[in-house]
Amino acid sequence: MKYLVLIFTPFFFFGNVTAHSQEEVEHFYFHVNIADTEAFIVKEKRDGTFTIKNKNDKNETAIYEKYNIFQFKIAFPNTDRKLLKTVHTIETDNVELLSRLKNKFPNKYTRIDQFYPAKNPYYPNDYGTTSAVENKGNKYPSYDLDLIQAADAWSITRGNKKVIVGISDSKVDSLDPDLKGRVSNYLSYNNSKKGISCSHGTNIAGTAIGRMDNAYGRPGICSGCDVIAHSYGTMEKIEELVAAGAKVINTSWAMCKMGGNYSQNINERIKEYYDDGIIIVAGAGNGRDCNRDGIKIGDSLYPASYDRVISVTGTYLGNTFETDEVFPDKEGRLMTKRMNDRRNGYFYIEEDGTLTPNDPEKGMQVNKAIDLLAPAEGYLLGADICGKENPYGGASSNAAPYVTGTIGLMWSVNYCLTAYEVETILKQTSDAIEHLNGNEIFVGMLGAGRLNTYRAVEMANELKNPFGNVTFKNRDFYRFEFTISSAPNTITLQNQTFRDDATVDFKAKESIVLKSGTRIAPNKRGFAKLSIDPTIEIKECEPTPPKKYGSYKDLSTNNKPQ
């Protein structure tokens, strides 16, 4: 076996893009609020494009006539929110269309937002009120599913039973229609009737693995995965889930200290799980002052802060633009709230447009151990069936199961992925948010970005394609580890940066292509290794019997309490 290994020191790559064949015409998708469309006449032509005429305005009609329009429809037909009732989806092959409409009719065409859907997104009948099809499920907006492009991911897979999801939490309801029959193995069951011990576990399970398309409740991210449920709060519970066969384990609980004198043993055992392809996903916590110094920002909670746990904190969502929901505080200072992809829920709007968190210490945990962010809020199945007045909300606990469910989908399409590859894909395909207006004060503590389920599943799927091209593009990473060990064809880096403390170890069968704008510049703590291995083979991987690990307390380590 021969390897071509390239070890990189800091430098820039500026390659040439070669066109191998005639490409399809690119289509562009927009959501835009359009006021007063009653005078519109919309017709579909034989070629599948649309004509849009305003019978009262020839100038507006003339603009539409100059462009190809492939979709023109109400975006959220189920919504009750006034702001969303006038949002339309427009698909065109020329972005100039929206520019001209906005320029000519600035008060009519507002809140223009470009988005990037899959070709055939799948909306189940219980999606929520932001569904593009009739909704028969919960009556709350699914901004959470919209943000992570869940419907697009479900066009690829809705899960496979060979992937076993472990839920370590309070009661996971066994009778609710979204969960009845979904859990194949209850290792423990606490039948609480009220309070958080009644609702919390069901909230988490509903988000991660709830039944889909049953005209009830909400769809779980990996509704086709198998499930094992257990109690929470100790390493023993995690061990028992692993022994029962769980491949990815959700721990939406957090504590300032874990394991006492055996904390290092726990860390080493979790590393062992990870090397063996078992991933623990943990909620990072909700603003705990673990160091008891009056400062919550930066404090670590466990198990989220162990080395090989994927630590997840939450982002707010609901408003795309800071002007969507503006109101004065008691002193008349303008504020906005629930901005997409922001760590804080409320902001002051400064005169220059800068968003300043009203209370930076108030919110979900942020620290250097955070790996990813995910939606913190959504419809909470457990809160609903346990009688809470408002079953919409959440925190970092609710963010973790979006990642857990996404990992379930990734392994459903490509069970051969290592834990290192899964985490690499999750981070690369996430949406960069730490430099967004309002997030800047948390730079270095917001992980790689906010989860994008569709792009993660898409890349996982591409990594089993013998003719695939796994593309890393348009991200700038200054830390984290990135490993792809078995690309069956090509890896392409385009306008991609790995620098400073980032480490890169990519291996492909045929080629690694470095395109324009790519920069690889690790410091002494980072490195980059790109290699070609012609022996890489496409294979089908199946679950194996659980490995017997023994107790974590029996590991030999230099035990030190946290």
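Look at Phe30 to start: its bridge partner in strand S7 is Ile90. Strand S3 (residues 28-34) and strand S7 (residues 87-92) run antiparallel and are joined by six bridges. Strands here are DSSP runs of type E with at least two residues, helices are runs of H or I with at least four, and both are numbered from the N terminus. Two strands pair if DSSP finds at least two bridges between them. In general, strands of a sheet pair through backbone hydrogen bonds, either parallel or antiparallel.

A quick word on the source: this is a predicted model, where local features need pLDDT of at least 70 and side-chain atom pairs count only at pLDDT 80 or more, while totals for chains, interfaces and linings use all residues. Residues are numbered from 1 along each chain as its sequence is written, and side-chain values use heavy atoms, with hydrogens and water left out.

Back to the sheet. Four strands make it up, in the order S6-S7-S3-S8, and it is open, with antiparallel pairing. Strand S6 (69-74) and strand S8 (109-115) sit at the edges, so each pairs on one side only. From one strand to the next, the twist averages 20 degrees. Helix H3 (residues 96-104) packs on this sheet and touches S3, S6, S7 and S8. Contact means heavy atoms within 4.5 Å. The direction of H3 makes about 165 degrees with that of S8; such angles run from 0 to 180 degrees between N-to-C directions, and axes are lines fitted to C-alpha atoms, for helices over the stretch in contact.

Now for some parallel pairing, which involves strand S14 (residues 310-315).

| Strand pair | Bridges | One bridge pair |
|---|---|---|
| S13 (residues 279-283) and S14 | three, parallel | Val281 and Ile310 |
| S14 and S19 (residues 372-375) | four, parallel | Thr313 and Leu373 |

Strand S14 is mostly covered, with six of its six residues buried. Buried means under 20% relative accessible area, exposed over 50%, and partly exposed in between (1.4 Å probe, protein chains only).

Asp226, in strand S11 (residues 226-230), is buried too, with a relative accessible area of 13%. Neighbours within four places in sequence aside, its contacts include Asn160, Arg182 and Ser184.

Finally, two helices: the axes of H10 (residues 396-413) and H11 (residues 419-428) come within 11 Å and cross at roughly 120 degrees. Among the residues making the contact are Val403 and Trp411 of H10, and Val422 and Leu426 of H11.
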